[in-house]
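The report below is meant to be read alongside the sequence and the coordinates. It moves from individual loop residues to helix packing and then to the nonpolar interior.

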Amino acid sequence: MPLEKGQAKKSLKQRLVLKSSLAKETLSEFLGTFIMIVLGCGSVAQAVLSRGALGGVITINIGFAIAVVMAIYVTGGVSGGHINPAVTFAMCLFGRMEWSKFPFYVGAQFLGAFLGAAALFGIYYDAFMAFAGGKLIIVGENATAFIFATYPDPRISLLNAFADQVVSTMFLLLIVFAIFDSRNMGVPKGLEPVVIGLLIIVLSSSLGFNTGCAMNPARDLSPRLFTALAGWGFEVFTKGVLKEEDLLL
């Protein structure tokens, strides 16, 4: 009798365990991107909703970078901790990952980012409702849409914004590949995510002014789509954060 109970418990446990490596990797990318958005955008939310009392540019840059570090530590051993479609694309392009996995990784990243934005909105719901009389605003001093997505400075052109993202993403991918290149100087095993966090800090501190330094389609598009559906409206796809008259020239 005890043997039968043990077998039943073992059977149930076996059923709950994911046997497919692709399923594990997909779930890993979903979880990693979810963590990055909740903690990363959470650092923005705390600074904005407290009107600077509990944070600012420094805490946002550091907070988002550490969110990336934590996400990679959670997922790195399972899926590699891409948490970014651009990284996944580069991995496939250079033969470090099979193209057949690409849609699963990217789909999980976009879904994780969308649900991460939804979770963050739920966590700070009362603060959002108190911030501007319950209004969810895209532009102006009471804007909150940029908590979730990046917006270009209104003074730069589309071409300039495009070039900005190309350059910043190029640096991101170049240095990430260099960090994991065994023929390079190398990083002590286990500290790679920390170095990537330092990379995020320097990129956001040096190339964040023009467009917010997204460098990650899932990190930007999914939360932006969430804001469009949650009450900010679909103008989140066409408006910037500030109007010209709001700028200190």
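In this predicted model, Met215 is placed in the loop between H8 and H9, and its phi is near 60 degrees, a positive value in a residue other than glycine. Most residues other than glycine have a negative phi. Although it belongs to a loop, Met215 has a relative accessibility of 6% and therefore counts as buried. A second loop residue with a positive phi is Arg51, with a value near 55 degrees, which is found between H2 and H3; at 52% relative accessibility, Arg51 counts as exposed. The two residues are set side by side below.

| Residue | Loop | Phi | Relative accessibility |
|---|---|---|---|
| Arg51 | between H2 and H3 | near 55 degrees | 52%, exposed |
| Met215 | between H8 and H9 | near 60 degrees | 6%, buried |

Met215 also appears among the partners of Ser168, a residue of helix H7 that counts as buried because its relative accessibility is 0%. Once neighbours within four places in sequence are left aside, Ser168 is in contact with Leu203, Leu207, Cys213 and Met215.

The protein as a whole contains nine helices and zero strands, and of its 249 residues, 44% count as buried. Among contacts with a separation of 6 or more, 73% join residues that are 24 or more positions apart.

Helix H4, residues 85-93, can be described from its ends inwards. At its N-terminal end, Asn84 acts as a cap, with a side-chain oxygen 2.9 Å from the backbone nitrogen of Ala86, while after the helix comes Gly95, whose phi is positive, near 75 degrees. How many of the nine residues of H4 are buried? The number is seven, so H4 is largely enclosed by the rest of the structure. These buried residues are Pro85, Ala86, Val87, Thr88, Ala90, Met91 and Cys92, and they pack against H5, helix H7 (158-179) and helix H9 (217-232).

The packing of H4 with helix H5 (residues 102-123) has an angle of about 170 degrees, and the two axes are 9 Å apart. Because angles over 145 degrees count as roughly antiparallel, that is how H4 is oriented relative to H5. On the H4 side the contact is formed by Pro85, Thr88, Phe89 and Cys92, which meet Phe102, Tyr105, Val106, Gln109 and Phe110 of H5. By character, the residues of this contact comprise seven nonpolar, two polar and no charged.

In soluble globular proteins, nonpolar side chains tend to be buried together. Here the largest nonpolar core has 43 residues, and those with the most contacts inside it are Val68, Phe128, Ile147, Phe148 and Trp232. Two or more residues each are given to this core by helix H2 (21-49), helix H3 (57-79), H5, helix H6 (125-131), H7, helix H8 (192-206) and H9, with H2 supplying the largest share, eight residues. Phe148 illustrates how such a residue is surrounded: leaving aside neighbours within four places in sequence, its contacts are Cys41, Ala117, Leu120, Phe121, Phe128, Arg219, Pro223, Thr227 and Trp232. A second, separate core of eight residues includes Ala90, Cys92, Tyr105 and Phe177; of these, Cys92 and Tyr105 are also among the residues through which H4 and H5 meet.

Terms used
Residues are numbered from 1 along each chain as its sequence is written. This is a predicted model: local features need pLDDT of at least 70, side-chain atom pairs count only at pLDDT 80 or more; totals for chains, interfaces and linings use all residues. Side-chain values use heavy atoms; hydrogens and water are left out. Axes are lines fitted to C-alpha atoms, for helices over the stretch in contact, and angles run from 0 to 180 degrees between N-to-C directions. Helices (H or I, at least four residues) and strands (E, at least two) are DSSP runs, numbered from the N terminus. Angles under 35 degrees count as roughly parallel, over 145 as roughly antiparallel, 65 to 115 as roughly perpendicular and the rest as oblique. Contact means heavy atoms within 4.5 Å. Ala, Val, Leu, Ile, Met, Phe, Trp, Tyr, Cys and Pro count as nonpolar, Asp, Glu, Lys and Arg as charged, and the others, Gly among them, as polar. Buried means under 20% relative accessible area, exposed over 50%, partly exposed in between (1.4 Å probe, protein chains only). A polar contact is a pair of N or O atoms within 3.5 Å; within protein, one must be able to donate a hydrogen and the other to accept it, and residues adjacent in sequence count only if both atoms are side-chain atoms. A nonpolar core is a set of buried Ala, Val, Leu, Ile, Met, Phe, Trp, Tyr and Cys residues joined through side-chain atoms within 4.5 Å.
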